[in-house]
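Please read the following note with the sequence and the structure open beside it. It is arranged as numbered points for a colleague who will want the criteria stated along with the values.

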Amino acid sequence: MAATYEAQRDRGLTRLLETVRALPEGERPWCSGVALAAGTGSGPLAEECFGWAVRHVAYDEASDRGVELPRERWEPVRRDTVFDLASLTKLFTTIVALRAVERGLISLDGRVAAYAPECTAAAEHGITVRQLLTHTSGLIPELPLYEEDGRERALARLAAEPPATPPGTARRYSDLNFLLLQRVLERSAGQPLDRLVQETVTGPLDMAGTRFNPPASWLPRIAATEDQRRPWGKLDRGMLRGVVHDENAWALGGVAGHAGLFSTAGDLAVLCRALLAGGGPMLSPESTELMLTAPGLGFEVDQPWFMGELAGRGAAGHTGFTGTSLVMDRARGAYLVLLATTVHPRRRPGDSAPRAAAATALARALG
């Protein structure tokens, strides 16, 4: 029986690698490059890289194609390649929030106004920390904070934005929830979010390849993202590499509750294994269970559209706009990290079918 299971697992892992290897290939590839990390709580099963971290110098609107660098200047994805995590940043902000709850600095059902009174609209409507974490605050998905003249004016606009629906009545995914949560955490702890993430998550787990605003010395191993220009982008910033892709996070200085972190597949695998093992040294098992159990706090739970057949028994994870995703299937004790560059050289309509296919391949490998 053991030999049969191992053969099934090996066939499934081969299929997983074939699925991911194909993502940067073809006339219209899903991504320019991708790093894969899959495993269980006891260790890695597959860690592979395919495609290119840097391939294009620009996007040509007339031909609807990327303008390629000379072939000798293409840079492959490697195991230490650093990717812009986009909304996977929300998972780190969530862990910081649960740690703040453990320390008694905030309460899940405490009102935002109790910790960040400058958030006047949240105060007026009684928005709670739990509603931010579950996307039930009623806030719209995003605001063009990048249009404001400076960080303080952007934060003032955020603070004054009222919910579109009564808090607690409906779920609407919103970046604004995590920008407000950042204000709560920074006010209650007296430290900026980047320091809190380092002290709570990346430091204890020795995730040396994960941080906001990566230094210039990291640039040679950072994957490029987008030739960001209007009308597909919201700002005219040109080809981005080593600076955050999200326009609002960039306008706020690169440190934001909803986006801004950079990391490697290997570092995220370390995070997954820690959470599968109960959350130490970041969180207690009780806080970790609460965070990862439906409806989830910060984490999405059992979403087949990107989790494939890993979903269904309490899988938790998230996706990011730049092409990133992370899934932990606690029933199988397994995780899948895909860090891809789907916005290089420019963004396209979202398509999570490849994420789901990779997750399904892992699920079938593990049975």
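The points below take up the sheet and then the salt bridges.

1. The model is predicted, so that local features need pLDDT of at least 70 and side-chain atom pairs count only at pLDDT 80 or more, while totals for chains, interfaces and linings use all residues. Residues are numbered from 1 along each chain as its sequence is written, and side-chain values use heavy atoms, with hydrogens and water left out.

2. An open sheet of 7 strands runs in the order S5-S2-S1-S14-S13-S12-S11, with antiparallel pairing. Strand S5 (75-76) and strand S11 (300-301) stand at its edges, and because each has a single partner strand, one side of each is left without a neighbour in the sheet. Here helices (H or I, at least four residues) and strands (E, at least two) are DSSP runs, numbered from the N terminus, and two strands pair if DSSP finds at least two bridges between them.

3. Helix H13 (residues 353-366) packs on this sheet, touching strand S1 (33-40), strand S2 (43-54), S12, strand S13 (324-329) and strand S14 (334-340), where contact means heavy atoms within 4.5 Å. The direction of H13 makes about 155° with that of S14; axes are lines fitted to C-alpha atoms, for helices over the stretch in contact, and angles run from 0 to 180 degrees between N-to-C directions.

4. At one edge, S11 pairs with strand S12 (residues 316-319) in the antiparallel sense over 2 bridges, and Glu300 has Gly317 in S12 as its bridge partner.

5. The count of salt bridges comes to 26, a salt bridge being a side-chain nitrogen of Lys or Arg within 4 Å of a carboxyl oxygen of Asp or Glu. One of them joins the side chains of Glu118 and Arg187 at 3.0 Å, N to O. This pair links distant parts of the chain, 69 residues apart, with Glu118 in the loop between helix H3 (112-115) and helix H4 (120-125) and Arg187 in helix H7 (residues 175-189).

6. Are the partners in these pairs buried or partly exposed? Glu118 is partly exposed at 27% relative accessibility, as is Arg187 at 48%, where buried means under 20% relative accessible area, exposed over 50%, and partly exposed in between (1.4 Å probe, protein chains only). Arg229 forms a salt bridge with Asp227, the closest N and O atoms being 2.8 Å apart; Arg229 is partly exposed at 26%, whereas Asp227 is buried at 4%.

7. Salt bridges that share partners join Glu118, Arg183, Glu186 and Arg187 into one network.
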